[in-house]
Amino acid sequence: MTKLKNPAQLAGIKRSCELLSRLFAEFPARIRPGVTPKVLDSFARTFIEKAGGKPSFLGYGGFPASLCVSPNEVVIHGIPDGRPLKEGDIVGLDCGIILDGYYSDAAITFPVGAISDEAQRLMRITKECLDRALAAVKPGARIHDVSRAVFSHALAHGYGVVRQYCGHAVGFDVHEDPQVPNYVGGGPNPRIVPGMVLAIEPMINLGTGDVKVLEDDWTVVTLDRRISAHYEHTIAVNHDGSVEILTSWADPT
Ligand code: MG
Ligand code: MG
């Protein structure tokens with residue numbers, strides 16, 4: 001069931017998103033060849049806790065870190081480890097915060113040093129998928145309008161769309177209903193109404209959309225081991241009908 005947010009609750013979620021945006025503003029200077037995912041994770045945890053928040057992913061379903069760090073063929077849910085990032089990698093960072101009980105969620109894919117044209121293009125088109133999806137959020141539209149915006153743009157460029165994982169409502173918990181798929185299929189297709197807060201997150205693969213989960217039960221990789229990109233914003237439909245993107249990060253594409 002969709003839990004709509006009243007104006008006071010929306011204000012709380014916005015504050016959580018503002019803190020998350022301040023964290024994301026710290027990442028560009030820290031993403032470089034040689035940095036390890038573990039270092040990025042501990043930076044994120046310290047930053048969030050110092051600001052009075054809690055990392056929402058830490059311990060969620062047993063996830064062992066505050067930040068998901070997903071290089072190259074890792075689609076999402078990468079567990080931060082000690083292997084340094086290297087020139088030419090792309091790396092997805094996904095993070096969520098609980099501030100005063102309110103949840104935020106955002107993700108970005110960064111280039112590590114100089115990357116291939118192929119990787120650059122995948123990142124750019126995935127970011128465009130997110131932009132188109134955000135533009136489809138308006139009162140009276142339906143969730144599948146958002147899904148279609150992602151799916152049609154990715155397909156037009158010959159990319160694979162991940163179907164097993166999707167966007168979601170957010171604000172009172174890490175994941176809430178409704179789901180926001182990145183493809184058009186069956187499933188619930190509610191109308192978008194004031195008070196909804198959605199985390200929209202296209203996951204787009206260079207090859208096919210097929211994925212698998214590794215032995216650690218978390219890391220989601222492409223089945224063909226080609227690269228994948230992921231961008232996410234939290235967006236609110238206000239009670240005056242306006243639509244507001246609550247998270248921010250510097251566009252690396
Ligand atoms: Mg996320
Ligand atoms: Mg999310």
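**Exercise 1. The magnesium site**

Task: Identify which residues are the protein donors of the magnesium ion (ligand 2), and what ties E201 to E232.

Solution:
1. In this predicted model, local features need pLDDT of at least 70, side-chain atom pairs count only at pLDDT 80 or more, and totals for chains, interfaces and linings use all residues. Residues are numbered from 1 along each chain as its sequence is written, chains are lettered from A and ligands numbered from 1 in the order in which they are written, and side-chain values use heavy atoms, with hydrogens and water left out.
2. Look for donors (N, O and S atoms within 2.8 Å of the metal, or 3.2 Å for Na, K and Ca; water is not among the atoms, so sites may look incomplete). D105 (OD), H168 (NE2), E201 (OE) and E232 (OE) lie 2.1 to 2.2 Å from the ion.
3. Read their spacing along the chain: D-x62-H-x32-E-x30-E.
4. Check the other ion. The magnesium ion (ligand 1) is 3.1 Å from ligand 2, and D105 coordinates both.
5. Place the glutamates. E201 lies in the loop between β9 (197-200) and β10 (203-205), and E232 in the loop between β13 (228-230) and β14 (233-237), so the pair ties together parts 31 residues apart in sequence. Strands here are DSSP runs (E, at least two residues), as helices are (H or I, at least four), numbered from the N terminus.
6. Both E201 and E232 are buried. Buried means under 20% relative accessible area, exposed over 50%, partly exposed in between (1.4 Å probe, protein chains only).

**Exercise 2. Cysteines**

Task: Count the disulfides (pairs of cysteine sulfur atoms within 2.5 Å).

Solution:
1. The count is zero.
2. For C95, the nearest cysteine sulfur is that of C68, 8.1 Å away. C95 is buried, at 0% relative accessibility.
3. For C166, the nearest is again that of C68, at 15 Å. C166 is buried too, at 18%.

**Exercise 3. Aromatic rings**

Task: Classify the pairs F43–F47 and F151–Y183.

Solution:
1. Apply the rule: Phe, Tyr and Trp rings (the six-membered one for Trp) pair if their centres lie within 6.5 Å; planes under 30 degrees apart are stacked, over 60 edge-to-face, the rest tilted. Six pairs result.
2. F43 and F47 are tilted, with centres 5.9 Å apart and 45° between planes. They sit four residues apart in helix α2 (residues 37-50), about one helical turn.
3. F151 and Y183 have centres 6.4 Å apart and planes at 65°, so this pair is edge-to-face.
4. F151 is buried at 16% relative accessibility; Y183 is partly exposed at 22%.
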